[in-house]
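Here is a friendly walk through a two-chain model. Please keep the sequence and the 3D view open while you read.

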Amino acid sequence: MKAPRSREPRAVRLLLIGLAFATIALFLLVPLAAVFVEAFRNGAGAWLSAVSDPDARHAVKLTLLVAAIAVPVNAVFGLAAGWALGKFRFPGRSLVLTLIDLPFAVSPIVAGLVFVLAFGRSSPLGGWLTRHGIEVVFAVPGIVLATVFVTFPFVARELVPLMQSQGTDEEEAARVLGAGFFTTFFRVTLPNVKWALLYGIVLCTARAVGEFGAVSVVSGHVRGVTNTLPLHVEALYNEYAFQGAFAAASLLTLVAFAAMLAKAFLSRHAGEEAP
Amino acid sequence: MSIEVRSISKSFGSFLALDDVSLRVGDGEFVALLGPSGSGKTSLLRIIAGLEEPDRGTVHFHGEDATQRDARERRVGFVFQHYALFRRMSVFENVAFGLRVKSRAERPPESEVKRRVTELLKLVQLDWLGDRLPSELSGGQRQRVALARALAVEPKVLLLDEPFGSLDARVRQELRRWLRRLHDEIHLTSLFVTHDQEEALEVADRVVLLDRGKIVQDGTPEELFEKPASPFVLDFLGSVNIFHGRVASGRAHLGPLSVDYPEHPQAESAPASGYARSWEIDLARDGGETGGFLATVRHVSVSGAVVRLELTPDDGAPLKVEISRERFEALGPAPGERLRVTPRKVRVFVGEPGRE
């Protein structure tokens, strides 16, 4: 569709466009540029040594590990939720829909605290787990749990409305043609939402990699053990190791860029899936 | 293969969609399930296909109870109202789907799949569109793909849910004639749902008329037209005029109209209504005859071969009358003119008027 030509005087148009660009520059471009300027202030060599420092490398590994667990878990959950909530009506459906959004409403700090309370040594569950040699809080499992919680809605929120609008006609058609549940799911249901699913996964990954608040509470900040990349940035920053902090931050920013590119590409395809 | 449903009831919440419905479709028959929306016709079709479970009653195929059988095992061909084509698959893959999802033992080899699909696409005259996606087809083409897909698994019965409902009038007419010819060729037991009486009467061997979850009449199109079982049937099958009044001593007095009604010889009167189809009414200049009654022409609308007129009798509700164009030209009535109205056929039903 072609946008109608504006009737505003030229000066007004220029002012508005200029204002929009100035806002974007001030709030997005300048800070982004600052990250890379600071990261490379002492040259590429310093950047390289900062990101290849053992603690930094461990933080990257841990972050990737957490994302590698949290994202598939949420992709599977999101698909299940999209399928159940999008294709069926059942009592309690709207309650589940509301609960899926809970992580958006709860402050990440609170989410982290909930896990500390539920799985900490003083709780019955945490005590039992500790006696069996499983540490959840201030250890990797806690970080994974907190990340799963925070990224919970991303895939489901993409899929529920889409699957709802697509209806169950095609599934019914597959059924009368003799297809079983899994055949129908993998040949009909899944292909119909694949772009939206990937879109949700990209958003989920970006958030899982960047999550700070909830992870910060459950991690215990043991450097080289339970520090993820965002926590590593904070730790360095608090020690006035700015160059190292920005070098690590630049990695996170690159992840964000990649996610945005993927998002732009996928959202175009995801639009085709709407009936 | 025959289809038989026995005493099917189904409710959705507090809404009773089907109320003790029994129906038989003989081997090779082509039957229309006709009714207004909400009459339960689609629910009945879905229950036969196994997509919906009845609350009570049984479904039999070829005399065998299939009520507990899942939709995938019933071997019915189902054509959905909105086609329900697999949007991510080409036309070819849509038609091939039923063959490809068969168990390993039953699945035909690829060359056979190709042959079958090509044959079916030829049958529906779309073999040149195999590579297209459903979104690249017109409504009529999509519906034919849906039909080819349903036929691919060699179903024993074919069920069609408002198959022409979302098509424009011309395509709809073409497609239903084509469907009728196809049925005459392959003789597949078919049941189709429609709310369009013209469609049902034109295509089907037999029409089953449903209203509010019950079958109100089951018969050939001629039977439905000539011997409507109730005022509802009469009203549903086309434009009718209703005259309210009473019957007594073998005669019905219905507003401006008075006709013999020997079925009610008693002197005691009873409420009754007379129904006259708009095309079963004669119009003439008043020559002082005694039959019929006088009415004033209010409206004339000339559309094609038929001319529709609206007239108001001296006492009573406005009348709809359809006459041929030739008759109209011979008569030349103008709005405001008074004409003698003589219904050729008045059907009288005794009792309080129902739903009008």
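The report below starts with chain A and then turns to the contact with chain B.

This is a predicted model, in which local features need pLDDT of at least 70 and side-chain atom pairs count only at pLDDT 80 or more, while totals for chains, interfaces and linings use all residues. Residues are numbered from 1 along each chain as its sequence is written, chains are lettered from A and ligands numbered from 1 in the order in which they are written, and side-chain values use heavy atoms, with hydrogens and water left out.

**Chain A**

Chain A has 13 helices and 0 strands; helices (H or I, at least four residues) and strands (E, at least two) are DSSP runs, numbered from the N terminus. Its C-alpha trace spans about 75 × 65 × 30 Å along the principal axes.

Two of the helices are set out here, with the expected span taken as 1.5 Å times one less than the number of residues. The bend at a residue is the angle between axes fitted to the seven residues ending there and the seven starting there.

| Helix | Residues | First to last C-alpha | Expected span | Bend |
|---|---|---|---|---|
| H1(A) | 10–39 (30 residues) | 41 Å | 44 Å | about 40° at A:Ala25 |
| H13(A) | 242–273 (32 residues) | 45 Å | 46 Å | about 25° at A:Ser267 |

**The contact between chains B and A**

Chain B brings 24 residues to the contact and chain A brings 21, where contact means heavy atoms within 4.5 Å. About 2000 Å² is buried between the chains, 56% of it from carbon and sulfur atoms; buried area is the accessible area (1.4 Å probe) that two parts lose on being put together, summed over both. B:Arg72, B:Arg87 and B:Arg88 supply 35% of the area that chain B buries against chain A, more than any other three residues.

The interface holds 3 salt bridges, each a side-chain nitrogen of Lys or Arg within 4 Å of a carboxyl oxygen of Asp or Glu. In one salt bridge, the side chains of B:Arg46 and A:Glu172 meet at 2.5 Å, N to O.

On chain B, the elements giving two or more residues to the side that touches chain A are helix H1 (41–49), strand E6 (76–79), helix H2 (91–100) and helix H4 (139–152). H2(B) gives the largest share, 3 residues.
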